[in-house]
Amino acid sequence: MHKVLLVDDERIITEGMSKVINWESIGTNLIGTARNGVEAFSIIVQQQPDIVISDIKMPGMNGLELVAKVNSVFPEIQFILLSGFSEFDFAKQAMQYGVKHYLLKPCNEHSIMDAVSEICEDLKQKQIREQFIQNMKGTLESVLPYAKEQLLKEFIINHYENKDLEHYQKLFNIDLHTPNVRLVLFQLEGNFEFEHMFAIKNIAEHIFDSYILSCMAGETILFLIEDYCSYSILLSQIEKIKKTFYQYYQLDSTVAISDTGKISIANKLYSEALDCLAYRFYLGEGGVITKKDISYQKTSEKLEFYYDDQTFCRLVKSGSWCDVNSEIETFFKHLIELRLDINITKSYVIQLFNAMIRLCEPKEMNMYLTKLNQLLEIDMLQNLKVFFESVAQEITLSFFNQNKNKHSTIIKKVIETIDKYIGNENLSLHWVANEMLYMNADYLGKLFKKETGEKFSNYITRLRIELAISMIERESDVKIFEIAEKIGYGENPQYFSQVFKKHTGFTPSEYKRESLQGL
C-alpha cells in the first residue's frame, strides 16, 4: 500500500479527510497529518510517504515551499495541492516540480480519491517500467526487438538515463549519435477508441518509407523517422496517412513535426513536438504543426493583455446579447493574436468568467462555479470560446428578461402620468423624468421609444389631438380656447390650431364645421 500524509493548517479539514475517505479501498495507508510545512517535512524525512496532500497557504512553510524542499531531497514523492480559486497562479509554479494534481477548494472526497488513485496508478506504472528495464538485461533473443522498442520509447519519452545505456546500445545495435531524425506525433480528434490509434499506426507504417520506432505514447502515436527525404516528401506522406485514415474512419487527426537532430537528443525533439501539438489550442484541430508555426511565441512572452472586464460586465447586465457577443469576439480575437502561454491565456478567460458570474445571484453563481473545472480541461481556444459564449448568453438573457420586466413597469408609470397630467402645459419628457420618476431624461426617452415605438413628444401630441377631436365631436358648442386649455396648450389656442391642422389637415374650427355637417 502507498503511504499518504495530509497537510493543512485547518484541523477540521485534516480530520474530515482522515475520517471520510476510505484510504484502504484505493490501495493507500494514511500515516498521519501535519498542520504546516515545517511539521510535514519532519514527518516526511522520518517516514517518506509516497503521496502528500497539502494546502498551498499555510503558516511557517507554505505548500509551494514544502514541494520545493521535498523535491530537492525526495523527488519521487508525489503531491496533490489544494487551494482556492485566487491561487491559480501558484499551481503553475508547482508544475516545475512535477506536481500534476491541483484541486480547487472546496473539493469532495471523490475528487481527492480520484487524484490519489491516479497517482497510485502512475506509481504502479513507473514501478512496472523500472522493473521492465532491469529485466531487459536477461531478455532472450526472441524478445530483443520488442525490448529495443521499449528502450527507445523510454529514452525518448522519459529521457531514461542509466549507466548501462552503452550496454543497451551494443545489445540492440542502436546508434544514438550518428543519424539525423525527426519526431512525428499523431493526435486523433473527436471520440476515438484504441483500435483507431492502432489503425492509423498501421497505415503510417505502410506509407512511411522507413522508420526507427513506431509506438503509442499516451493518446498519441509516435514515429521516430530517419531524416532521409526532403521535408516536402514527408509532408506529402503525412497528408496521405491522414486522408487514408479519414476515408476509413471519418476521424481527423492533428500532426506535430519536430526539427531534425541526433537520436541522442530525441527527448528534446519529443518535447518540441509536444509543444507543437499543444498549440492546436490556438491553431485548431486537423492541421500539421511545426516549430515554425509557434516560433513567434517567444516574441510575445513579454506582452501583457489588458482588458476592462467591468465594461464587459456592464454589457452583460444591459441584457444586449448582440453587444456582448461582439465583445466576446473582440476579446478572443486579441488572445489569438497574442498567443501567450496557454496557461496565461486560460487565466485571462477564467478572470473574465469569474467577473461575469459574480453578477449573478448566489445560487446561480455557485452553479456556474461548478463549471470552472470543465473550463480548465478544455484543450482548444475555439472550444473555450464556445463554452464561454454559452454561459455568457445564459446570463445575458437572464438580465434581458429582468430588464424587460423592469422597463415595462417604468413605461407603464410614464403612460399613467401622461394620462393624469395631459392638461398640464408643463407636461414634457424632462418634467416626467425629473419631477415624477427621478430618472435621466435621455435614458427615459430612449426607453420610451424602444418600448412604444414612438417618441415621447409625438406620443403626447398625438394623444392631445385625439382628445381634442373627441371633445369636438361630443360637444358642439365647445370653444377652441377651452379645448386648448383642457389638453395642455394653456392660453395659446393659436399654437394649438397650428398643431391640430398639421396633424388633421383642418383647423379646429374647420373640423368642427365638417363634423356638424356630417351630422
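Tutor: A salt bridge is a side-chain nitrogen of Lys or Arg within 4 Å of a carboxyl oxygen of Asp or Glu. This is a predicted model: local features need pLDDT of at least 70, side-chain atom pairs count only at pLDDT 80 or more, and totals for chains, interfaces and linings use all residues. Residues are numbered from 1 along each chain as its sequence is written, and side-chain values use heavy atoms, with hydrogens and water left out.

Student: Which residues are linked with E189 in a network of salt bridges?

Tutor: Side chains of opposite charge can pair when their charged atoms come close. Here E189 belongs to a network of salt bridges. Its other members are R280 and D379.

Student: How many salt bridges does a search of the whole structure find?

Tutor: The network of E189, R280 and D379 is part of the picture. For the whole structure, the search gives a total of 13.

Student: Where are E205 and K201, and how far apart are they along the helix?

Tutor: Both sit in helix α8, residues 194-207 (a helix is a DSSP run of H or I, at least four residues; a strand is a run of E, at least two). Their side chains meet in a salt bridge, 2.8 Å from N to O. They are four residues apart, so the separation is about one helical turn.

Student: Is K201 buried or exposed?

Tutor: Buried means under 20% relative accessible area, exposed over 50%, and partly exposed in between (1.4 Å probe, protein chains only). K201 has 14% relative accessibility, so K201 counts as buried.

Student: Which residue forms a salt bridge with K385?

Tutor: Look in helix α17, residues 381-420. The partner is four residues from K385, so about one helical turn separates the two. The closest N and O atoms are 3.0 Å apart, and the partner is E389.

Student: What is the relative accessible area of E389?

Tutor: K385 counts as buried because its relative accessibility is 10%. E389 is buried too, and its relative accessible area is 15%.

Student: How far apart are the closest N and O atoms of E475 and R474?

Tutor: E475 counts as partly exposed because its relative accessibility is 28%. R474 is exposed, at 57%. These two form a salt bridge, with the closest N and O atoms separated by 3.8 Å.

Student: R464 has no salt bridge; which side chain of opposite charge is nearest?

Tutor: R464 lies in helix α20, residues 456-474. R464 is buried. Lys and Arg count as positive, Asp and Glu as negative, while His and the chain ends are not counted. At 8.4 Å, the nearest side chain of opposite charge is that of E425.

Student: What is the phi of Q48?

Tutor: Most residues other than glycine have a negative phi. Q48 is in the loop between α2 (37-47) and β3 (51-55). Q48 is partly exposed, with 39% relative accessible area. Its phi is positive, near 45°.

Student: Where is the place of Y438?

Tutor: Y438 also has a positive phi, near 55°. At 67% relative accessibility, Y438 counts as exposed. Its place is the loop between α18 (429-437) and α19 (441-452).

Student: What distance separates the C-alpha atoms of C107 and L82?

Tutor: C107 is in the loop between β5 (101-104) and α5 (109-135). C107 counts as partly exposed, at 27% relative accessibility. L82 is 25 residues away along the chain, and the C-alpha atoms are separated by 8.4 Å.
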